[in-house]
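Subject: Structure handover

Hello,

Here is the structure I promised to pass on. Please open it first, then read the notes below.

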Amino acid sequence: MRIDTAPDAVILAGGMGTRLRPLTLSVPKPMLPTAGVPFLTHLLSRIKDAGLSHVVLGTSFKAEVFEQHFSTGEELGLEIEYVTEDEPFGTGGAIRNVLPHLRADTVVVFNGDVLGGIDVRAVLQTHADADADVTLHLVRVSDPRPFGCVQTDSNGRVNAFLEKTQDPPTDQINAGCYVFQREWIEKIPSDRPVSVEREVFPALVSGGSRVFGHVDSAYWRDMGTVDDFVAGSADLVRGIAPSPALSGTRGESLVHPTATVVPGAVLIGGTVLGARVTVGAGARLDGAVVFDGAHVEAGAVIERSILGYDCRIGPRALVRDSVVGNGADVGARCELLRGARVWPCVTLPDGGVRFSTNV
């Protein structure tokens, strides 16, 4: 198979991001700031680097936010179209829903919440060399049990899909990037929700279609949880995760030019400070993601946590493995630990939440 024209790119970005609440109550997950830019910018930049130019963005929750930010895509060197789901169609239905906007015979589909170092050109080459109907990007992981496992034969042809089994026969998992020939998207039912992982792919394999896997060891992380979001952001800042959207030297922190950091504060572990952030004397931020306008007072400690827009963390407060919502005010000496989440605009008084007895 030869791919004579540039394939279309489709990004599925319709999820509500419930595992990242309260941050996603007002902003779609793919638009959360990640290493200084909206998360989706990293994927769009990778698509541009692969030589693709026409992108169809499938959205649902807070759909208007995407177009308000990216507009036509011209600033990124892309042409972006937007298709909004009025009701959930599932992953397969979402792909089928964008069909009227597709122009090419070959279509690359990306999950909009995956941070990866995928070589899109290499996946397309595998697809062409195998004369495949569908090609899946697969990555190897040390513990495949939480993921959908995909078995392939010695020629790379997919022969089985196993969803989240406790005894997986392979370490290859579905990495959330697929190459379709358009005719197979046309066959996805359009009148009901469809799962591409549980219905479309298994049906293609059992029906004898040519479904192949492209396996590599590229960086890969599903950014759906707070832990993964924080870790992925830190990996971008430190240069562990690649992104064409970032330039310059990587290091222990990424600080917006308008942020203010008082001497004596410590920023390590891939910490990110957004615009107009202030950090007081003696504060320690380790692997923190701090959105625009947040204030961290003197002596506060922030570890592996996300601070929302315009929130405040009081003097000597401790925030570890937690999320503070937009506009919240965490009082002095409060302790937020082990997955604590403070909802937007909530005020915690000084010492109002403690995990230890010393005050």
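Start with one side-chain pair. Asn174 and Tyr178 meet through their side chains, in a polar contact of 3.2 Å. Bear in mind that this is a predicted model.

Asn174 sits in strand S11, which covers residues 172-181. Its side chain has another polar partner: the backbone nitrogen of Gly176, reached at 2.9 Å.

Is Asn174 buried or exposed? Its relative accessible area is 15%. The cut-off for buried is under 20%, so Asn174 counts as buried.

What surrounds Asn174, once neighbours within four places in sequence are left aside? The contacts are these:

- His137 and Leu138
- Gly148 and Val150
- Glu197 and Trp220

Now take another asparagine, Asn155. This residue lies in a loop. Strand S9 (148-152) comes before that loop, and strand S10 (158-163) follows. Asn155 has a relative accessibility of 64%. Exposed means over 50%, so Asn155 falls in the exposed class.

One distance to check on your screen: Asn155 to Ser206. The two residues are 51 apart in sequence. From C-alpha to C-alpha, they are 17 Å apart in space.

Next, the overall layout. The domain assignment gives domain 1 as 8-225 and domain 2 as 252-348. Domain 1 contributes eleven residues to the contact between them, and domain 2 contributes 15 residues. Taken over C-alpha atoms, the domain centres are 33 Å apart.

How much area do domain 1 and domain 2 bury between them? The figure is about 950 Å². Carbon and sulfur atoms account for 71% of it. On the domain 1 side, look at Pro22, Leu23 and Pro33. These three residues supply 55% of the area that domain 1 buries against domain 2. No other three residues supply more.

What about polar links across this interface? Two residue pairs are in polar contact there, both at pLDDT 80 or more. By class, the domain 1 side that touches domain 2 has seven nonpolar residues, two polar and two charged. The count of salt bridges between domain 1 and domain 2 is zero.

For a first look, I would go in this order:

1. Asn174 with Tyr178, for the side-chain contact.
2. Asn155, in the loop between strands S9 and S10.
3. Pro22, Leu23 and Pro33, where domain 1 buries area against domain 2.

Over to you.

Best wishes

Conventions:
Residues are numbered from 1 along each chain as its sequence is written. This is a predicted model: local features need pLDDT of at least 70, side-chain atom pairs count only at pLDDT 80 or more; totals for chains, interfaces and linings use all residues. Side-chain values use heavy atoms; hydrogens and water are left out. Domain bounds come from an automatic or database domain assignment. Contact means heavy atoms within 4.5 Å. Buried area is the accessible area (1.4 Å probe) that two parts lose on being put together, summed over both. A salt bridge is a side-chain nitrogen of Lys or Arg within 4 Å of a carboxyl oxygen of Asp or Glu. A polar contact is a pair of N or O atoms within 3.5 Å; within protein, one must be able to donate a hydrogen and the other to accept it, and residues adjacent in sequence count only if both atoms are side-chain atoms. Ala, Val, Leu, Ile, Met, Phe, Trp, Tyr, Cys and Pro count as nonpolar, Asp, Glu, Lys and Arg as charged, and the others, Gly among them, as polar. Helices (H or I, at least four residues) and strands (E, at least two) are DSSP runs, numbered from the N terminus. Buried means under 20% relative accessible area, exposed over 50%, partly exposed in between (1.4 Å probe, protein chains only).
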